[in-house]
Amino acid sequence: MSGPAVEHVLRAPRAVVGGVVRPAAIGLADGMIRVVCEVDADLGCAEQTILDPDVVLLPGLVDTHVHINDPGTDWEGFATATAAALAGGITTVVDMPLDSDPATTTVAALDIKRSAAAGVCRVDTGFWGGIVPDNLGSFGELTDAGVLGFKCFLSESGNPNFPPLDVAEFRAAMARVAELDSVLLVHAESARVLAGCPPPAGRDYGDFLRSRPDAAEQDAVQIVLDAVAETGARAHIVHVSSAAVLPLIADAKRAGLPVTAETCPHYLTFTAESIPEGGTVFAACPPIRGEGNRALLWAALAEGTLDMVVSDHSPCAPQHKDLHGGDFGRAFGGISSLQIALPALWTHAARAGFELPDVCRWMAQAPAGLAGLTDRGVIAPGTRADFCVFDPDAAWVVRGAELHHRHSLTPYEGAPLTGAVRQMWRGGRLADENTCGELLWAGVREPV
């Protein structure tokens, strides 16, 4: 057949293309997808790879919520995080701005972070910029420096170098984000609600839940939606854990407000009822809630109220989890899950009747859209030839010591999961130990 010149053909008996699983031949050239056609089509190319029928070709996943914590900490790092991402089916990550030293709130700090990332990333890596009270008048400079958008908190972040915005500061930030035609990612827990709650203390998970109630998320989401309506700025609500906010988000979407929202595998996997006394490895902010709440999050994904699922990979050195004391008031709140986000989600999505095109929409297409990365997230002509070859039926058990994360600690330890990554492709080539990613900013890529 005639058509665009291709260098290599990838023939997949099963591929996620156009929202369905179907056979496909994908013609590749210069790191891009040039044509997608019937699996037995003659593309006039001698080089080809034929995939086994027991695997499914997915687009490379995009994770827009990763705490790489580099430079300045021993919690993770660009080398380990991006190796874990690649092993987990992810070909693009976007780094959060707060748990590094310095935090990414100035152009100088962004330059330092890029220097730390140079030469060590296994996948494409972009950066969110941070908005804090001290840079309200200058954070726009980060747009010209290439951040993909911004992140802020409405309550304490846990890092004194990344303080939250109050309501007036948040509205001012949103007005500036609208002028920049950017997007603001918001950690939506309300400082004024949390101030009236008992502080977390002790080994009882119920007490930890009471320290961060649903009302904290409800109030913060309402603050966000009011500012969106007032300014017209795009907002994205990160790591939704409470189903109590879903009606607010659904109403805002019906009203046409430019708001999106995400949840995370741990909120869709674990339940408060199953967390043991002193189980601080499960501590996260906002917290993992009850079984009924989890069912409503799944329903919100089905309905489109929640747009995407991202890892919120937020690791720390093990001593910060107070594993021996089991005191939730002393434990760092974050879940380590980057490499296992895909199988963790797929295990439960398949049981709930979802299919792999749903997973690709939540974990590839929607996150790519959030970050403005229109050249990835789907298998279609004109997009990057980044792929995950996934065996949806493989059964295995998580062993943290076998993962690429810097620290082996994860609440998924010993969990039986279904689905395994068999191969990764980046830029039209099979990924190996020499695979290098690119730094991303403002739609531009730079080899690293």
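**Strands, helix packing and unusual backbone sites in a predicted model**

Strand β10 (residues 150-153) and strand β11 (residues 183-187) run parallel to one another and are linked by 4 bridges. Strands are counted as paired if DSSP finds at least two bridges between them. Helices (H or I, at least four residues) and strands (E, at least two) are DSSP runs numbered from the N terminus. Within this pairing, K151 has L185 of β11 as its bridge partner. The structure is a predicted model, in which local features need pLDDT of at least 70 and side-chain atom pairs count only at pLDDT 80 or more, while totals for chains, interfaces and linings use all residues. Residues are numbered from 1 along each chain as its sequence is written, and side-chain values use heavy atoms, with hydrogens and water left out.

The pair β10 and β11 belongs to an open sheet of 6 strands, ordered β9-β10-β11-β12-β13-β14 and paired in parallel. What stands at the edges of this sheet? The edge positions are taken by β9 (129-130) and β14 (308-309); each has a single partner strand, so one side of each has no neighbour in the sheet. Helix α4 (residues 167-180) packs on the sheet and touches β10, β11 and β12 (234-237), its direction making about 150 degrees with that of β11. Contact here means heavy atoms within 4.5 Å. Axes are lines fitted to C-alpha atoms, for helices over the stretch in contact, and angles run from 0 to 180 degrees between N-to-C directions.

Antiparallel pairing is found as well. Strand β5 (residues 56-59) is joined to strand β15 (residues 387-397) by 4 bridges, and the two run antiparallel. L58 is bridged to C388 of β15. C388 in turn has M424 of β16 as a bridge partner, so this residue is a convenient place to follow the pairing from β5 through β15 to β16. The antiparallel pairing of β15 with strand β16 (residues 416-426) extends over 8 bridges.

A UniProt record (unreviewed entry) lists residues 56-429 as "domain: Amidohydrolase-related". UniProt positions are given in the numbering used here, feature names are shortened, and annotations may be inferred rather than shown by experiment. In the model, the end C-alpha atoms of residues 56-429 lie 17 Å apart, and the span is 33% helix and 17% strand.

Helix packing comes next. Two packed helices are described by the angle between their axes and the distance between the axes. Besides packing on the sheet, helix α4 meets helix α7, their axes coming within 9 Å and crossing at roughly 40 degrees. The two helices are therefore oblique to each other. Angles under 35 degrees count as roughly parallel, over 145 as roughly antiparallel, 65 to 115 as roughly perpendicular and the rest as oblique. The crossing of α4 and α7 is right-handed; a crossing is right-handed if the near helix is turned clockwise from the far one by less than a right angle, and left-handed if anticlockwise. On the α4 side the contact is made by V167, F170, R171, M174, A175 and A178, and on the α7 side by I223, V224, A227, V228, E230 and T231. By class, these residues comprise 9 nonpolar, 1 polar and 2 charged. Ala, Val, Leu, Ile, Met, Phe, Trp, Tyr, Cys and Pro count as nonpolar, Asp, Glu, Lys and Arg as charged, and the others, Gly among them, as polar.

Helix α7 (residues 214-231) also packs with helix α8 (residues 246-254), where the axes come within 9 Å and cross at roughly 15 degrees. That angle makes α7 roughly parallel to α8. This crossing, too, is right-handed. Q218, V221, Q222 and L225 of α7 meet L248, I249 and A252 of α8, a set with 5 nonpolar, 2 polar and no charged residues.

Farther along the chain, the axes of helix α11 (residues 341-351) and helix α12 (residues 356-370) come within 11 Å and cross at roughly 135 degrees, which makes α11 oblique to α12. The crossing of α11 and α12 is right-handed. A341, L342, L345, W346 and A349 of α11 contact L356, V359, W362 and M363 of α12. The residues of this contact divide into 9 nonpolar, no polar and no charged.

Finally, a few backbone sites deserve a look. Most residues other than glycine have a negative phi, and most peptide bonds are trans. In the loop between β6 and α1 lies N69, whose phi is near 60 degrees, a positive value in a residue other than glycine. A cis peptide bond with omega of about 5 degrees joins D70 and P71, and P71 is placed in the loop between β6 (61-66) and α1 (78-87). Another cis peptide bond, with omega of about 0 degrees, joins C285 and P286. P286 sits in the loop between α9 (265-269) and α10 (291-303).
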